[in-house]
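Here are my notes, point by point, for you to follow with the structure open. Tell me where you read things another way.

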Amino acid sequence: MKPSSAGSIAAAPRERFDAAGRRVLLVCVAGGFTTLLDQSVLNTSIPALRESLHAQPAHLQWIVAGYSLAFGLALVPGGRLGDVRGRKWFFVTGLALFTMVSLLSATATEPWVLVAARLLQGAGAGLVNSQMIGTIQDVFSGQLRARALGMYAVTGGLAFALGPPVGGAVLAAVGPEHGWRLTFLLNVPFGLATVALAARHLPRPRPSARHADLDLVGLLLVGALTLTLMLPFVQPPAWTGWLGFAGGACLLLGALAWWQRRYARAGGHPLIHPALARSAPYALGTAVAMAQFGSSLAAGLVLAMFLQDGLGLSPMGAALVSLPSAVSMGVASALAWRVVQRFGRRTVTAGMTLSALVMLTSGLVVHWAPAGALPWLLAALQLLGGAAVGVMGATNQAYVLRHAPAEAAGVSGAILQMTQRIAAAVSISALSGVYLRATGGGGGHRAAYTYASAVCAALAGLAVLASVCAGRASAAREAEAAAAGAAGQDEAVQEDARGAEARPAVPGPAEARTQQ
């Protein structure tokens, strides 16, 4: 008896990592944990380092947003350099830079020194993460590749979950004056150990004869566009200045689109392949990811500042309020596939809607609820918000990459990550600026948090609209593919019928006996 397909799948042997594969995976996981833990730890330390360095709001915005900006801009060129020159030593170089600059961050005595250090740290982290993803794709295939990429994603969630309590515990143990410096020093032992493991266990580089096509003009245009979007929030101008920045952003966006098309026609590999913009499901899904990532990181930073500055909680107390979000995010991410099996693409829209409602409700709760109840209410809302992001985050990424055009499939993942990081840089600049300037204007911390939460909710609401449009575009494309497949089958049937008419009839056994 032939087994069913489900039984065959269940009986398929589970592939296992060999010893060399386990060592490579350990290096990648360690590198990801070290670089991704950094930003979640820092959020808890922002009030402490602001007092210690006498940092202005603009400094704080650059300290937090600069890391994401440099991280995002380093991803695509870093990945292409690894493709051509081999990944091992780019991984080691990026992590060594990240680790050494962590020492500079920990010993900074001026805000501008810390800003410069964070930019260098972000560049090193982007270089490392681009090599990790490429190494996993190079070394593993099939089921093992999927499991390795899943472990990399889980590592990011674990780093996000552990960051706030680790930062809070460090500041509680040694005090705010030296605690924020120690949070940077935590990177050093992890970084040094991972550098040693990478030098020993990563595969030897296999340089290619191809030229490293980096599209520096495209990279400069993306960086200039991001800065043009960030600067008005860092140094707010008069209304005529806002118009100037808006006009400059439009010009840069047009120049970027023109250059990418021109570069592709010339046979180069543009930073953002034009085919990605022509795929509506990919472009809309990327917009969802950008809005979700930017609004979530900005909301987390504003919450950490409000809990300490507005409610007077200790760093550890603030970390405990945000901890339910990280825990529920991890649990929801592990169970998301079950939800997707039942509800499909609608899972992304539902999760994003819940996230927007949580942000809006958080602002209203802070505005109306008594101070004593706020930590508990905000912790409950964080639990819901984390679950919403956990269900939709990886699901949306899978749908986005599934609709990447074939000619740009190799860079689609790196572009998705780059746009998320750039969105985070702009969102963090904007939302922290809204919060810090509202508190400085005499409105109070509650009003400032309400304003910032409303902006985050509006951004998440735009993501909901983009998700609905992405779902419709995805359904339309699948319908077109199904129609094309059906047409192909009909054509094949007609071709078989025409062939049967042309062939001489062959009598069957009964007919043959009758003829005899």
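1. Start with the aromatic cluster: W258, W259 and Y263 form one together. Keep in mind throughout that this is a predicted model. W258 lies in helix α10, and at a relative accessible area of 45% W258 is partly exposed. Along the chain W258 and P274 are 16 residues apart, and their C-alpha atoms are 9.5 Å apart in space.

2. Staying with rings, the structure holds seven aromatic pairs. Take F33 and F190: the ring centres are 5.9 Å apart and the planes sit at 65°, so I would call this pair edge-to-face, given that the label needs an angle over 60 degrees. F33 belongs to helix α2 (residues 19-53) and F190 to helix α8 (residues 187-201), so this pair ties together parts that are 157 residues apart in sequence. How buried or exposed are F33 and F190? F33 counts as buried, at 16% relative accessibility, while F190 counts as partly exposed, at 40%.

3. Two arginines deserve a look for what lies beneath them. R421 lies over the face of F71, and the distance to the ring centre is 4.1 Å. R345 has its charged end over the ring of Y399, 5.6 Å from the centre of that ring.

4. Next, the second largest pocket. Its space comes to about 900 Å³. There are 32 residues in the lining, and L225, L253, I272, M290 and T419 are the ones that lie nearest the centre. By character, the lining divides into 25 nonpolar residues, six polar and one charged.

5. Which helix gives the most to the lining of that pocket? The answer is α16, with nine residues. The helices that each supply at least two residues are α9 (216-234), α10 (239-265), α11 (274-278), α12 (280-310), α16 (409-440) and α17 (444-502).

6. I also checked α12 for length. With 31 residues at 1.5 Å a residue, α12 should span 45 Å, and the end C-alpha atoms are 43 Å apart, which agrees. After α12 comes G312, whose phi is positive, near 75°.

7. Helix α5 (residues 111-139) passes the same sort of check: its 29 residues at 1.5 Å each should span 42 Å, and the end C-alpha atoms are 42 Å apart, which agrees. As for surroundings, 21 of the 29 residues of α5 are buried, so α5 is largely enclosed by the rest of the structure.

8. Another positive phi to look at is that of H54, near 55°, and this residue is not a glycine. Where does H54 lie? The residue is in the loop between α2 and α3 (57-85). H54 counts as exposed, with 62% relative accessibility, because the cut-off for that label is over 50%.

9. Now a histidine in another loop. H403 lies between α15 (374-402) and α16, in the loop that joins them. Is H403 buried or exposed? H403 is buried, with a relative accessible area of 8%. Its C-alpha atom is separated by 5.5 Å from that of Y282, although H403 and Y282 are 121 residues apart along the chain.

10. Two other contacts across the sequence are worth opening up. F233, found in helix α9, counts as partly exposed at 26% relative accessibility. The C-alpha atoms of F233 and V434 are separated by 7.9 Å, with their positions 201 residues apart along the chain counted as the separation. S362 is found in helix α14 (residues 346-368) and is buried, with a relative accessible area of 3%. For S362 and Y449, 87 residues apart along the chain, the C-alpha atoms are separated by 8.8 Å.

Methods. Residues are numbered from 1 along each chain as its sequence is written. This is a predicted model: local features need pLDDT of at least 70, side-chain atom pairs count only at pLDDT 80 or more; totals for chains, interfaces and linings use all residues. Side-chain values use heavy atoms; hydrogens and water are left out. On a 1 Å grid over the protein atoms alone, a cavity is a set of points where a 1.4 Å probe fits but cannot get out, and a pocket is an open set with protein on both sides within 12 Å along at least five of seven lines; lining residues have an atom within 4 Å of a point. Grid points are joined across faces, edges and corners, and a volume is the space filled by probe spheres set on the points. Helices (H or I, at least four residues) and strands (E, at least two) are DSSP runs, numbered from the N terminus. Ala, Val, Leu, Ile, Met, Phe, Trp, Tyr, Cys and Pro count as nonpolar, Asp, Glu, Lys and Arg as charged, and the others, Gly among them, as polar. The expected span of a helix is 1.5 Å times one less than its number of residues. Rings of Phe, Tyr and Trp (its six-membered ring) pair if their centres lie within 6.5 Å; planes under 30 degrees apart count as stacked, over 60 as edge-to-face and the rest as tilted. Buried means under 20% relative accessible area, exposed over 50%, partly exposed in between (1.4 Å probe, protein chains only). A charge sits over a ring if NZ of Lys or CZ of Arg is within 6 Å of the ring centre and within 35 degrees of the ring normal.
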